[in-house]
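Biologist: Before we go through this model together, please show me the sequence and the structure.

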Amino acid sequence: MIRAGRWRPWLFVGPALLLIGFFLVYPALVTIARSFFGRGAQLFGPMVHYVGFANWKYVFTSPVMLTALRNNVLWVVLFTLCTVSIGLVLAVMLDRVRYEKILKSVIFVPAAISMVGASIIWKFVYAFRPEGMPQIGILNAIVVSLGGKPIGWLIQRPWINNICLIIVGIWIWTGFCMIILSAAYKNIPKALLEAARIDGANEWQVFHRIVLPLLVPTVAVVGTTMVVTVLKIFDIVYVMTNGNFATEVIANRMYKEMFNYFNYGRASAIAVVLLILIVPFMILNIRRFTRQEGGR
Amino acid sequence: MRKIVMLLLVGLLVVGGAAFAADKKVVTVMHGWPGEQAPAFQKIVDAFEAQNPDIDVQVEIVGRDRPAVLATRLAAGNPPDMTPHPWIGTMKQWADAGQIVDLTGLVDTSEVNPALLPIGEYDNGLYGLFIFPNVKSCVWYNPKVFAARGYKIPNTWYELLALSDKIKADGGVPWSIGLESGAASGWPGTDWIEDIMLRTAGPAVYDKWVAHEIPWTDPRVKKAFEIFGSLFDRGYVFGGRTGALTTNFGNAADPLFNTPPTAYMSKQATFIQGFIKDHFPNLVAGEDYDFFTFPTITPQATPDGSNPILVSGDVVTVFNTGGPLNGTRPEVIKFAQFLTSQEAATIWSTELGELSANKNADPSIFTNPITKKAQEMLMGASYSRYDGSDMMPASIGTGAFWSAILDYVSGVPINTVLESLEQSAVEAYAK
């Protein structure tokens with residue numbers, strides 16, 4: 001019995017460990033090793049040589065990577081703030097609307113569209129036609145009908161085009177945040193809110209003093225999930241600008257180095273940076289999750 | 001019961017399929033031609049299969065991101081047997097990695113246009129077999145509009161500028177430029193720089209520039225960028241800088257055929273005919289649309305003062321697919337050989353009105369006056385050079401150079417653009 005007890009856990013954990021080891025740990029280690037080697041497909045292939053920290057120097061000093069790092073920060077801050085706060089406001093507001101289900105479904109729909117599909121839709125929204133031509137993009141059509149000149153939304157660097165891209169991300173993900181936060185909001189016992197109201201709290205005080213503190217764990221989980229999602233942002237940038245006009249992001253640069261320029265060393269270094277950036281948020285997320293689960 | 005029948009049927013199909021495949025030797029080809037080129041290529045395949053009933057040529061079309069797909073397939077060890085492509089720079093990287101086959105001595109190249117053949121050579125080997133060329137030094141215009149307004153075909157850069165000024169004075173917009181091309185945006189601008197470099201610095205300097213023997217910050221390179229940029233500064237371009245940056249290359253010639261025209265000239269390779277025919281099916285080649293050669297800028301740039309031309313096109317590369325023959329299986333070589341033949345050239349040219357690299361191509365196959373003119377240009381030029389961006393290492397020719405065009409046109413100072421390009425090039429050309 002004692003012996004069986006010793007190996008039984010491994011019997012259950014073993015397959016998972018094997019799979020994770022093969023599909024996660026092994027590739028991660030190879031990627032880290034590769035980030036110290038030059039271009040070429042095989043780690044020990046004919047064109048590959050040890051280059052020390054050259055790839056890492058590129059990651060942290062080249063102008064294009066600095067732009068990518070800056071843009072990722074912009075994405076993380078703007079995207080996470082907007083998706084979570086708009087999602088929270090919608091969750092609380094829609095709770096009081098009669099057509100809640102329909103409205104929530106409508107707001108959630110973008111999450112069901114693929115990132116590439118959504119990007120193509122928005123490329124049309126931002127479309128530019130020279131002055132005097134019929135504008136096919138709704139945004140420029142509005143601008144022109146108000147007497148303005150058409151704007152190259154995806155060209156104007158460094159802020160307009162990046163913000164235009166981030167708006168697409170917000171459009172896709174806000175519905176997701178809203179659904180999760182709405183579920184958490186509905187879990188708050190209504191008696192608490194009513195008690196506060198009877199005690200004379202106004203609606204802002206109820207939200208600020210009762211609802212928000214109770215939602216903090218969910219907001220944190222949704223927030224970290226959004227941060228992890230947005231750190232890896234690729235599709236929107238790839239489809240809409242491909243990183244041109246100073247809209248580059250880390251993941252798109254990784255793709256270019258790997259699949260367009262065949263520089264596996266550099267691509268690996270960029271991949272490791274992305275991994276290192278994401279790990280703390282994952283740990284935060286898992287910690288909170290286990291604490292929450294433990295509290296049940 | 002139904003399940004058993006289904007299983008039996010599936011089993012039969014598998015066995016049948018295997019038996020069928022075992023009868024024939026298979027050659028796999030991956031190409032990325034969209035639209036009307038795909039059926040034309042299929043006709044070439046059909047003709048080959050009719051002559052070689054024991055060979056089955058399987059065509060796989062990868063329209064987007066083909067370099068990425070090929071990189072993955074190469075890394076996984078299952079590339080197709082061959083692919084037609086324009087990426088000479090990438091081809092050299094494949095050759096360095098031992099991933100492709102040196103065709104020297106395996107394929108008879110006596111029918112290939114000798115001016116084009118060396119483009120596929122590298123490191124004393126033949127890695128790309130030139131099959132379908134494109135002439136890039138073409139400026140498209142609407143002959144009827146030109147005639148009605150009394151505009152004359154310019155023979156020099158100064159005449160071209162004078163014509164542009166005249167069109168502008170008449171209230172028109174002289175040029176339509178389209179630099180957008182999805183993930184490949186910027187490449188149409190590289191053609192401009194290349195054509196200008198050829199005409200201002202000459203073919204010898206052009207070769208040095210492509211091989212990075214002169215830096216990007218060289219005054220001759222800078223001058224080429226500035227000549228291109230001057231079109232925007234002079235207000236010649238439809239929609240200005242933003243217009244050029246947001247217009248897809250395939251739509252750039254469209255304004256020429258609006259009534260009244262919203263632009264009068266557009267520079268693009270001969271393949272743009274496909275887009276014009278697709279967008280305006282009623283237009284007649286040579287009557288409603290035509291091209292003139294991108295004019296000479298500095299006649300002293302070439303030794304004999306003639307106007308050089310820029311070409312691009314597709315070479316066929318055979319992959320090292322492993323096995324005892326490393327990709328040199330007889331059926332693969334046989335099909336590669338067939339692609340260079342007069343027969344394949346005839347099918348390609350008659351189906352598409354495009355050019356061929358076969359030097360014996362019968363001129364009567366060029367029923368389209370535009371193709372005929374382009375073929376004469378190709379055969380008659382004293383100096384022709386291949387598309388420089390396609391010959392550079394991938395991270396420059398299909399990366400930094402494209403971005404540089406977009407940066408420059410969107411207003412980044414020329415010195416910043418060229419210094420950043422030079423920095424990337426120093427790393428990319430280092431072995």
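Modeller: Chain B has a mean pLDDT of 90 (pLDDT being the predictor's confidence in each residue, from 0 to 100), and 95% of its residues reach 70 or more. This is a predicted model, in which local features need pLDDT of at least 70 and side-chain atom pairs count only at pLDDT 80 or more, while totals for chains, interfaces and linings use all residues. Residues are numbered from 1 along each chain as its sequence is written, and chains are lettered from A and ligands numbered from 1 in the order in which they are written.

Biologist: Over which residues of chain B does pLDDT stay under 50?

Modeller: The stretch concerned has zero contacts beyond four places in sequence in the model, a contact being a pair of residues whose C-beta atoms, placed from the backbone, lie within 7 Å. The part of chain B where pLDDT stays under 50 is residues 12–19.

Biologist: Which element supplies the largest share of the side of chain B that touches chain A?

Modeller: The predictor gives the complex an ipTM of 0.87 and a pTM of 0.88. In the model, 25 residues of chain B are in contact with 20 residues of chain A, and H3, H4, H10 (240–246) and H16 of chain B each supply at least two residues of the chain B side; helices (H or I, at least four residues) and strands (E, at least two) are DSSP runs, numbered from the N terminus. The largest share, six residues, comes from H16(B).

Biologist: Against which elements do the buried residues of H4(B) pack?

Modeller: In H4 (residues 88–96) of chain B, the buried residues include B:Ile88, B:Met91 and B:Trp94, where buried requires 20 or more other C-beta atoms within 10 Å of the residue's own, exposed 12 or fewer, and partly exposed a count in between. The packing partners of these buried residues, in chain B, are helix H3 (66–76), strand E10 (309–318), strand E11 (384–386), helix H15 (388–391) and helix H16 (394–409).

Biologist: Which element gives the most to the side of domain 1 of chain B that touches domain 2 of chain B?

Modeller: Chain B is divided into domain 1 (27–134 + 312–380) and domain 2 (138–307 + 392–429), with bounds that come from an automatic or database domain assignment. Their C-alpha centres lie 28 Å apart, and the contact takes 15 residues from domain 1 of chain B and 14 residues from domain 2 of chain B. H4 and helix H14 (369–380) of chain B are the elements that give two or more residues to the domain 1 side. With four residues, the element that gives the most is H14(B).

Biologist: Why is one side of E8(B) and of E9(B) left without a neighbour in the sheet?

Modeller: The open sheet of three strands has the order E8-E7-E9 (chain B) with antiparallel pairing, and two strands pair if DSSP finds at least two bridges between them. One side of E8 (266–267) and one side of E9 (290–293) of chain B lack a neighbour because each strand stands at an edge, with a single partner strand.

Biologist: Is A:Phe234 buried, exposed or partly exposed?

Modeller: A:Phe234 sits in the loop between helix H9 (203–231) and helix H10 (235–240) of chain A. Not counting residues up to four places away in sequence, A:Phe234 touches A:Ala251, A:Asn252 and A:Tyr255. Because A:Phe234 has 16 C-beta neighbours inside 10 Å, this residue counts as partly exposed.

Notes: Two residues are in contact if their C-beta atoms, placed from the backbone, lie within 7 Å.
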